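Q: Got a minute to walk me through this model? I'd like to go strand by strand, then helices, cores and cysteines.

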Amino acid sequence: MADAVARAIAERTPLLAEAGTGTGKTFAYLVPALLYGGKVIVSTGTKTLQDQLFQRDLPLVRDALSTPVTLALLKGRANYVCHHHLERAAAEGRLPSRDDARHLQKIVAFARASETGDRGELADVPENATIWPLVTSTRDNCLGSNCAFHGDCFVLKARKAALDADVVVINHHLFFADVMLRDEGLSELLPACNTVILDEAHQLPDTATLFFGEQVSAGQLAELARDAEVAAHAGAREMPALPDAAAGIGPAIRKLRLTLGDTPGKLAQRAAASREGFTTELDALAAALDRLDAELALTAERSEDLDNCARRATEAAAALARWRDGLAAVTTDADPEEPAWIRWIDVTAQGWQLHASPLSIADVFAKQVTESGRAWIFTSATLAVGGDFGLYQRDLGLADARTGAWDSPFDYGEQALLYVPRDLPVPNSREHTEAVIAAALPVLKASGGRAFLLFTTLRALGVARELLSAAIEREGLGWPLLVQGDGSRSELLMRFRELGNAVLLGSASFREGVDVPGDALSVVVIDKLPFAPPDDPLLAARLEHLRAAGGDPFFDVQLPQASIALKQGAGRLIRTETDRGVLMICDPRLTDKAYGRRIWRSLPPMRRTRELADVQAFFAR
């Protein structure tokens with residue numbers, strides 16, 4: 001793999017490199033990149049890997065090679081304390097909770113003493129504390145060079161360090177934010193860079209789609225209204241119409257949310273428009289936003305904060321107007337020269353996001369790669385299905401990129417067992433989750449807990465929690481039960497590792513980016529094949545487009561996607577040469593359907609069984 005990376009860097013060409021767990025792919029791309037020299041940007045999908053690269057892997061490789069390269073870690077602006085917003089929050093005194101008031105004092109002291117302002121260094125304040133959005137900046141509310149604290153800005157210091165460094169570690173969101181928005185300080189970095197390495201590259205199609213599209217969210221508008229109200233209080237006290245206009249945004253946001261029903265999920269624009277009251281409340285929100293925009297325009301010159309809010313209101317009103325215009329349009333653009341766009345809504349428990357997403361990002365992304373004149377290394381444990389990179393290449397427009405695949409060095413036949421229980425009901429039946437828990441219990445007894453149980457829906461996760469909790473209590477089983485949502489992912493994983501015999505119930509977010517080597521994790525149970533929900537508006541539109549072009553949506557897209565997602569889940573099990581474990585897949589389609597063979601062949605070459613006795617014997621050994 002290192003040879004292939006070295007060749008791509010020397011020839012300044014793209015390389016798609018699939019490397020299984022344990023191949024040492026981090027070293028395989030860092031060694032040639034550091035030896036070749038020049039500026040290198042390494043982008044990852046998670047903060048965990050970002051920190052691991054910067055704190056452990058890069059210094060190790062640099063020292064081993066005796067290469068005098070300088071390193072920098074650059075995160076998105078929301079990771080750094082903002083002096084302006086911190087001062088404003090302290091002066092305003094109106095905080096959401098008593099906890100926030102206590103956290104604020106710690107952040108004030110931290111900002112005075114810290115060299116970096118990186119909130120990750122302040123362990124005393126939880127990462128999900130509601131104070132953080134009040135003391136950090138966003139692209140929308142940053143005052144830029146007009147800020148009184150411009151010279152002391154932590155974000156600017158981090159960007160300067162990145163400009164001066166030979167190797168810069170970032171994440172995918174930051175990378176695409178800069179490519180599309182020119183916002184995150186990389187626009188000066190990229191031209192000087194000769195190598196871009198994108199680790200955890202299987203996430204890129206979804207991340208790129210997000211940034212190549214446009215969003216208006218309830219949170220964004222609520223933040224704008226809050227900032228406008230605070231700015232009006234400070235700089236336009238004699239104009240009561242402005243805070244009144246800002247106060248009108250919140251009720252409009254909530255009324256629109258009420259029309260979308262109680263169940264979180266994704267809705268196509270047309271499906272949302274058919275909901276009673278949706279169009280009326282969307283028009284009311286647009287009117288409230290237009291009113292706020294007009295009031296801010298009258299006061300924008302009074303302060304930097306008011307000017308910033310005025311710009312944001314104008315941009316948000318324009319984006320909302322474009323989304324509303326789409327209600328009258330067909331799915332594809334009227335102009336055949338323009339790429340097709342899909343408009344949809346992501347409905348969350350408390351809010352919503354209005355999305356406009358391109359049907360395909362292949363052309364625009366391929367242009368970024370081919371016109372840059374630098375090497376692009378895409379690597380992950382899951383880019384291909386059975387050695388075929390076709391889906392990934394189509395998604396990103398990389399048909400001509402060189403590809404390579406390197407398997408894990410582990411002895412899967414000896415270290416792991418793939419178990420598909422007999423006589424399970426079909427996955428979409430009401431009794432399926434109950435059957436999964438019933439089948440998993442004897443496996444968990446054989447392993448002594450030490451398991452992940454991963455579910456494709458939150459509803460199934462909730463049912464499984466009740467069933468398993470009752471079984472543990474009823475049978476006096478001493479396994480601690482950890483459930484997604486009862487704490488942050490990092491907290492749950494830390495407890496799982498420390499406990500040693502815990503059972504963790506999770507959903508898709510635990511299928512990737514989770515590293516639990518050793519005996520603490522010896523069973524991974526997957527309730528069903530992870531096919532993307534067919535009612536996902538973006539996926540449905542892409543499948544329809546493919547069908548119209550003569551393709552086969554199931555075999556060209558849905559099956560490869562499910563295989564890759566399943567590989568991610570299976571990859572949690574064997575992390576080192578001494579790990580042993582059982583992968584249990586509770587979906588009869590794996591054996592009953594002709595395409596099931598294609599799926600299990602994409603998994604590591606584990607020994608396969610349908611007999612519980614084999615599982616019990618495996619652990620007895």
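**Around strand β12**

A: Sure: β12 and strand β17 (residues 581-585) run parallel and are joined by four bridges. Helices and strands here are DSSP runs (H or I of at least four residues for helices, E of at least two for strands), numbered from the N terminus, and two strands pair if DSSP finds at least two bridges between them.

Q: Before we go on, what kind of model is this, and which cut-offs apply to it?
A: It's a predicted model: local features need pLDDT of at least 70, side-chain atom pairs count only at pLDDT 80 or more, and totals for chains, interfaces and linings use all residues. Residues are numbered from 1 along each chain as its sequence is written, and side-chain values use heavy atoms, with hydrogens and water left out.

Q: OK, back to β12. Which residue of β17 stands opposite Ala416?
A: Gly581 does. β12 also pairs with strand β18 (residues 607-609), in the parallel sense over three bridges, and there Tyr419 stands opposite Thr609.

Q: And where do the β12 side chains point?
A: Ala416 and Leu418 point one way, Leu417 and Tyr419 the other way, and all are buried. Buried means under 20% relative accessible area, exposed over 50% and partly exposed in between, with a 1.4 Å probe and protein chains only.

Q: What comes after β12, around Asp423?
A: Asp423 is in the loop between β12 (416-419) and α19 (432-447). Asp423 has a positive phi of about 60° although it isn't a glycine, and it is exposed at 78% relative accessible area.

Q: Why is a positive phi worth flagging?
A: Because most residues other than glycine have a negative phi. Arg450 has a positive one too, about 55°; it is found in the loop between α19 and β13 (451-454).

Q: Is Arg450 buried or exposed?
A: Buried, with a relative accessible area of 17%.

Q: Switching topic: what's the strand order in the seven-strand sheet?
A: It's an open sheet in the order β3-β4-β2-β5-β10-β1-β11, with parallel pairing. The edge strands, each pairing on one side only, are β3 (71-73) and β11 (402-406).

Q: How many bridges join β1 to β10?
A: Five, between β1 (residues 14-19) and β10 (residues 375-380). Pro14, for instance, has Trp376 as its bridge partner in β10.

Q: Now helices. What span does α2 reach?
A: Helix α2 (residues 25-36) has 12 residues and reaches 17 Å from its first C-alpha to its last, close to the 16 Å expected (1.5 Å times one less than its number of residues). Its buried residues include Lys25, Tyr29 and Leu34. Just after α2, Gly37 takes a positive phi of about 90°.

Q: Which residues touch the most other members in the largest nonpolar core?
A: Ile107 and Phe378, out of 51 residues in that core. A nonpolar core is a set of buried Ala, Val, Leu, Ile, Met, Phe, Trp, Tyr and Cys residues joined through side-chain atoms within 4.5 Å. Helix α5 (residues 98-113) gives the largest share, five residues. There's a second, separate core of 41 residues, with Leu242 and Ala313 among them.

Q: Last one: how many disulfides?
A: Zero, counting a disulfide as a pair of cysteine sulfur atoms within 2.5 Å. Cys142 is in none, and its nearest cysteine sulfur, that of Cys153, is 6.3 Å away.

Q: And how accessible is Cys142?
A: Cys142 counts as partly exposed, at 26% relative accessibility, and Cys153 is partly exposed at 23%.
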